[in-house]
Amino acid sequence: MHPNEMAVLGLSAEEELIYRHFLREPGTDPDTLAQRLSLDGPAAAEAVERLRLIGLLRAGAAAGQVTPADPETAVARLTELRLRSLYREIQRITQSRHILDMLRAETGVPLPTPRGIEQLNDWPEVRTRIDDLAFFAREEILSVEPRVEIPSEQLSHTRQLNLRSLRRGVRLRHVVVRGALDRPCTVEYLGELVSHGARVRVADEISEHILVYDRHAALVPIDPWNTGRGALLAHSSGLVNNLVTLFEKIWDQAESISVLLQKPELDDGVLPEASRRVLTLMCTAGKDESAARDLGVSVRTYRRHVADVMQRLGAASRAQAALLARERGWI
């Protein structure tokens, strides 16, 4: 049996062994795995079922056939699941405060908060710490906001802090949920951030609520939908690094708000800047993945914009679209 090298990603030794086997022999009958790999029958069946559930094994073209996800996809999927599991674990830590209070009442002996973790019990306390963290931030603030609608008091407070940080030269990267774009006050606020140099992206769904300051301190609300219930403030480098990694995962999967708010429509023969950028990337970028990364959107969204521009140009192919665009002086 191979060493359980994928344990860090949440796979058991049996699951890793089976996944590796299918990479080598994708046509294997799942019913023969236990005998082939000298595994307990029920344990092998359970491992195969979990690998199916997390997407590392998939149904093949033929009945009963199983094919493995390619290694890059498998590691990306396991990393995402592991990071979200760590986020939930951090939240459970914040919610265990009542256990400490109960034990204190039983023993009369104060129990310390875990090292590197600080419990904030209500919004005023959270707000005070956010003020301090924002004031002392010098390099970068990372944030993920899952709420569609933010209480006006909190939105006003956050606007002031973020604009002040941006004016001081602090970089700000912010991810919001797509539903927030239906709120005019939120769109106005996000536009203001962008005009001051912030980078804002939009995700279809978000369940995490994260604030990271200079990659040294991270704030995680006990309830992502209600910051009034308090939060956990992490100073531990391990916890903060995990939250930064989770943020980067969410950021990479989100789309630039500037592209979403600027529809590629032609007005009196003048090409909007968003469409011009798409056309330029069509002509210069080698791959869609590279073009989408430069534009700050997903590959799917980039291809949708390409299709929109081609339709408005009346082009049947990208090459024809490029020629027509050059004829009109758009690129």
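This is a guided walk through one protein chain, from its overall make-up to a few selected helices, side chains and loops. The model is predicted, so please read every distance and angle below as a value computed from that model.

Let's start with the whole chain. It has 14 helices and ten strands. Of its 331 residues, 44% count as buried. If you take the contacts between residues at least 6 apart in sequence, 67% of them join residues at least 24 apart.

A good place to step inside is helix α6, which runs over residues 123-136. Its 14 residues reach 20 Å from the first C-alpha to the last, close to the 20 Å expected at 1.5 Å a residue. Which residues of α6 are buried? They are W123, V126, I130, L133 and A134. These residues cover an arc of only 95° around the axis, which puts them on the same side of α6. On the other side of the helix, P124, F135 and F136 are exposed. The cover over the buried residues of α6 includes one helix, α7 (152-167), and the strands β3 (117-120), β7 (210-213), β8 (217-221) and β9 (231-234). At the N-terminal end of α6, D122 acts as the cap: one of its side-chain oxygens lies 3.0 Å from the backbone nitrogen of E125.

Now cross over to α7, where you will find H157. Is H157 buried or exposed? With a relative accessible area of 6%, H157 is buried. Its side chain makes a polar contact with the side chain of D131, at 2.6 Å. Leaving aside neighbours within four places in sequence, H157 is in contact with W123, R127, I130 and D131. Two of these, W123 and I130, belong to the buried set of α6 that you have just met.

Staying in α7, look at L166. L166 is also buried, at a relative accessible area of 10%. Not counting residues up to four places away in sequence, L166 touches L172, L193, H196, G197 and A198. You can also check the separation between the C-alpha atoms of L166 and I141, which is 9.6 Å for two residues 25 apart along the chain.

Another part of the α6 cover, strand β8, is home to A217. A217 is buried, with a relative accessible area of 6%. Beyond the residues up to four places away in sequence, A217 touches L133, L211, V212, L233, A234, H235 and V240. L133 is one of the buried residues of α6. As for V240, it is 23 residues from A217 along the chain, and their C-alpha atoms are separated by 6.3 Å.

Next come the aromatic rings. A pair of aromatic rings is described by the distance of the centres and the angle of the planes. The structure holds two such pairs. In one of them, F135 and F136 meet edge-to-face, with 5.0 Å from centre to centre and 90° between the planes. Both F135 and F136 are exposed. In the other pair, the rings of F247 and W251 have their centres 5.9 Å apart and their planes at 25°, so this pair is stacked. F247 and W251 both lie in helix α9 (residues 237-253), four residues apart, about one turn of the helix. F247 is buried, with a relative accessible area of 0%, and W251 is buried as well, at 3%. W251 has a further partner: R173 lies over the face of its ring, at 5.1 Å from the ring centre.

Finally, a word on the backbone. Most residues other than glycine have a negative phi. Where are the positive values of S38 and D214 found? S38, with phi near 55°, is found in the loop between α2 (33-37) and α3 (41-53). D214 has a positive phi of about 55° although it is not a glycine, and it lies in the loop between β7 and β8. Their surroundings contrast: S38 counts as exposed at 69% relative accessibility, whereas D214 is buried, with a relative accessible area of 14%.

Note on methods. Residues are numbered from 1 along each chain as its sequence is written. This is a predicted model: local features need pLDDT of at least 70, side-chain atom pairs count only at pLDDT 80 or more; totals for chains, interfaces and linings use all residues. Side-chain values use heavy atoms; hydrogens and water are left out. Helices (H or I, at least four residues) and strands (E, at least two) are DSSP runs, numbered from the N terminus. The expected span of a helix is 1.5 Å times one less than its number of residues. Buried means under 20% relative accessible area, exposed over 50%, partly exposed in between (1.4 Å probe, protein chains only). The arc is that of the directions from the helix axis to the C-beta atoms. Contact means heavy atoms within 4.5 Å. A polar contact is a pair of N or O atoms within 3.5 Å; within protein, one must be able to donate a hydrogen and the other to accept it, and residues adjacent in sequence count only if both atoms are side-chain atoms. Rings of Phe, Tyr and Trp (its six-membered ring) pair if their centres lie within 6.5 Å; planes under 30 degrees apart count as stacked, over 60 as edge-to-face and the rest as tilted. A charge sits over a ring if NZ of Lys or CZ of Arg is within 6 Å of the ring centre and within 35 degrees of the ring normal.
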